[in-house]
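Work through these exercises with the structure open beside you. Try each task before you read its solution.

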Amino acid sequence: MSAAVVDPVRAVTHMLAHPFMVRAFVAGGLIASASGFVGYFLVLRSQVFTADALSHVSLTGALAALAAGIDLRVGLFAACIAVAALIGLLGPRGRADDVVIGNVFAWTLGLGVLFLSIYTTSGSGGDGTAGVNILFGSIFGLSSSQARVAALVAVATGVVLIAIARPLLFASLDPAVARARGMPVRGLGVVFLCLVGVTAGEATQAVGALLLLGLLAAPAGAAQRLTDRPWVGLWLSSGIALASMWVGLSIAYAAPRIPPSFAILALAAASHLIAVAATARGRFRPRRAPAAPSFRPPPAGHG
Amino acid sequence: MILAVAEAGAHLSWDLGADLRQMFAYHFMVNAFRAGTIAAVAAGAIGWFMVLRRQTFAGHTLALVGFPGASAATWLGIATVWGYFGFCIGAAVAIAALPRSDHGGGFSEESAVIGTIQAFALASGLLFVSLYHGFLNGIDALLFGSFLGVTDRQVLILALVAVVALGLLVVIGRPLLFATVDRDVAAARGLPTRVLSVVFLLLLALAVAEVSQITGSLLVFAVLVMPAAAAQQLTARPGAGIAASIGIAVLATWAGLVAAYFSPYPVGFYVTTFAFAAYLAATLRRSAGQRPSRGRVRVAAA
């Protein structure tokens, strides 16, 4: 630990001599970057609550797969993508009602508890840590094949998102005009939510189902405070997420009592806090496009 | 622990009276029912306002903040009750102090802030649990609830807090309703809408801290949102709606406790399932009913 103070280069080389740290850095870094991209649009489109719902779905999906005795990633991705697509298709213009989401995800969690108790009492290899790993992540425990799949999926998510970023940005900021221009606003919303589902599944493996919301919301929230320009914000959000991940992993390596998920989330939250504090006074507040007019029900008096 | 109870002779027979007598012979079940009822009444009433005010996201965050509260209390060796109340109230003050958009609802920045607080709270809970080395035993009970081991003292504290919270709700109920339904007119009439919303957040924190101790931090939401949402599907009148919300919350809690007592599965699962069933039934009844208009609660602005 003292080496980290004395000679940073040697400390980093020493840290990266462990294969599990390299896997954590590569897979975690890519997952964090993808989360930063997706999170930026989530915040822009006021869909943070949807991501919250998906994080609970990912927990239940993974535990259901474990209870059924199959690879937990199958359940994880299947559940996240299916529910994301469902929310996208059901909700008015891709934005579901938060009370409906709240109800569904509270019950989903209840189901997750059921699967957890089936899994831990069935005795089929249930040693009790699986539940905690899904809830809070196990980035240091990734096997090399898990890390490879996670890295590939993260890269694919990032590429698809960058490809649709321009129209998605337009559709998010001004859906009415975008629709008038003949853009498939609804389709874009559904595709985006599927990407959110994939990212949620990815992030569950890194920081856990309970904490993935922070990886999505905090860097994006910070980026939106710091800049008005969408492209700068997009890359800034991704950069903050990546930095939180790498520095967090290093801290957890240097201080073994601190769980890596806590270190990562604490850094992301701190960056958001600093961004809010730095822009709270000073110039005028950054202006953002107003929320979509359709989001609020019309004023009382229409019925 | 739950298995131990099942093995101790908790078998469902056809004689319902005997089953109930057998269940209530255990003092911890009596306490579980007392605590569950108190928490459900508070959650039903306060949850109704929460759903009406569209503050479900804030309510959820407060619920999750209870987890680091309880785990910090365990780590420091004090009763978890104080952890729940302390952290939930602190978080409510923090949310109230944050820069706020003009209207409630899902404005993007506010939800990003809440989401960040929420994930950070859970991460801190993880830190406290791992400092305490209580990983495998304690964490499930804190997150998913346990109805075993509710003490008489805990019931007393729950009851006192519930009485204070509900009393306060009765006092601010009418202006709060007005400010919720038509904020601008209420503000123009000179109602302190900002103060009302801060007081309401504090009430919400109290309700959440109460329920957390029965259902665990992750499932609080079920008792807060589902009965209230079901009640709002059933009736648009505030008085009847709050009564229905309390009724559904209490029934779901009782049914959940009974089912969990007689089976090996956790209480959280049963409570959420029964409450969700009530919500589904209310939604279906409504959509099968007369008019399909999007009715929210409407009050004659008086």
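**Exercise 1: A glycine in a loop**

Leaving out neighbours within four places in sequence, Gly137(A) is in contact with Gln205(A), Ala206(A), Val207(A), Gly208(A), Leu211(A) and Ser261(A). Keep in mind that this is a predicted model.

Task: Place Gly137(A) in its chain, and decide whether Gly137(A) is buried or exposed.

Solution.
- Step 1. Find the element. Gly137(A) sits in the loop that joins helix H7 (129-136) to helix H8 (144-173) of chain A.
- Step 2. Count neighbours. Within 10 Å of Gly137(A) there are 30 other C-beta atoms.
- Step 3. Apply the cut-off. A residue is buried at 20 or more such atoms, so Gly137(A) is buried.
- Step 4. Compare sequence with space. Gly137(A) and Ala209(A) are 72 residues apart in sequence, yet their C-alpha atoms are 7.1 Å apart.

**Exercise 2: Two packed helices**

Task: Describe how helix H11 (residues 212-226) and helix H13 (residues 260-280) of chain A pack.

Solution.
- Step 1. Know what to report. Two packed helices are described by the angle between their axes and the distance between the axes.
- Step 2. Read both values. For H11(A) and H13(A) the angle is about 20°, and the axes are 8 Å apart.
- Step 3. Classify the angle. Angles under 35 degrees count as roughly parallel, so H11(A) is roughly parallel to H13(A).
- Step 4. Add the hand. H11(A) and H13(A) make a left-handed crossing.
- Step 5. Name some residues. On the H11(A) side, those that meet H13(A) include Gly214(A), Leu215(A), Ala218(A) and Arg225(A). On the H13(A) side they include Leu265(A), Ala268(A), His272(A) and Thr279(A).
- Step 6. Sort by class. The contact has 10 nonpolar, five polar and one charged residues.

**Exercise 3: Positive phi**

Task: What is the phi of Ser46(A), and what is the phi of Arg54(B)? Then find the setting of each residue.

Solution.
- Step 1. Recall the background. Most residues other than glycine have a negative phi.
- Step 2. Read the angles. Ser46(A) has a positive phi of about 55°. The phi of Arg54(B) is also positive, near 55°.
- Step 3. Locate the residues. Ser46(A) is in the loop between helix H3 (19-44) and helix H4 (48-68) of chain A. Arg54(B) is in the loop between helix H3 (27-52) and H4 of chain B.
- Step 4. Check burial. Ser46(A) has 22 other C-beta atoms within 10 Å, so Ser46(A) is buried. Arg54(B) has 19 C-beta neighbours inside 10 Å, so Arg54(B) counts as partly exposed.

**Exercise 4: Chain B and its partner**

Task: Summarise the make-up of chain B, then describe the side of chain B that touches chain A.

Solution.
- Step 1. Count the elements. Chain B has 13 helices and zero strands.
- Step 2. Note burial. Of the 302 residues in chain B, 51% are buried.
- Step 3. Take one helix. H11(B) has 15 residues and spans 22 Å from its first C-alpha to its last, close to the expected 21 Å. In H11(B), 14 of the 15 residues are buried, so this helix is largely enclosed by the rest of the structure.
- Step 4. Turn to the interface. Here 52 residues of chain B are in contact with 46 residues of chain A.
- Step 5. Find the main contributor. H6(B) gives the largest share of the chain B side, 17 residues.
- Step 6. Sort by class. The chain B side divides into 31 nonpolar, 14 polar and seven charged residues.

Note on methods:
Residues are numbered from 1 along each chain as its sequence is written. Chains are lettered from A and ligands numbered from 1 in the order in which they are written. This is a predicted model: local features need pLDDT of at least 70, side-chain atom pairs count only at pLDDT 80 or more; totals for chains, interfaces and linings use all residues. Two residues are in contact if their C-beta atoms, placed from the backbone, lie within 7 Å. Helices (H or I, at least four residues) and strands (E, at least two) are DSSP runs, numbered from the N terminus. Ala, Val, Leu, Ile, Met, Phe, Trp, Tyr, Cys and Pro count as nonpolar, Asp, Glu, Lys and Arg as charged, and the others, Gly among them, as polar. Axes are lines fitted to C-alpha atoms, for helices over the stretch in contact, and angles run from 0 to 180 degrees between N-to-C directions. Angles under 35 degrees count as roughly parallel, over 145 as roughly antiparallel, 65 to 115 as roughly perpendicular and the rest as oblique. A crossing is left-handed if the near helix is turned anticlockwise from the far one by less than a right angle, and right-handed if clockwise. A residue is buried if 20 or more other C-beta atoms lie within 10 Å of its own, exposed if 12 or fewer, and partly exposed in between; C-beta atoms are placed from the backbone. The expected span of a helix is 1.5 Å times one less than its number of residues.
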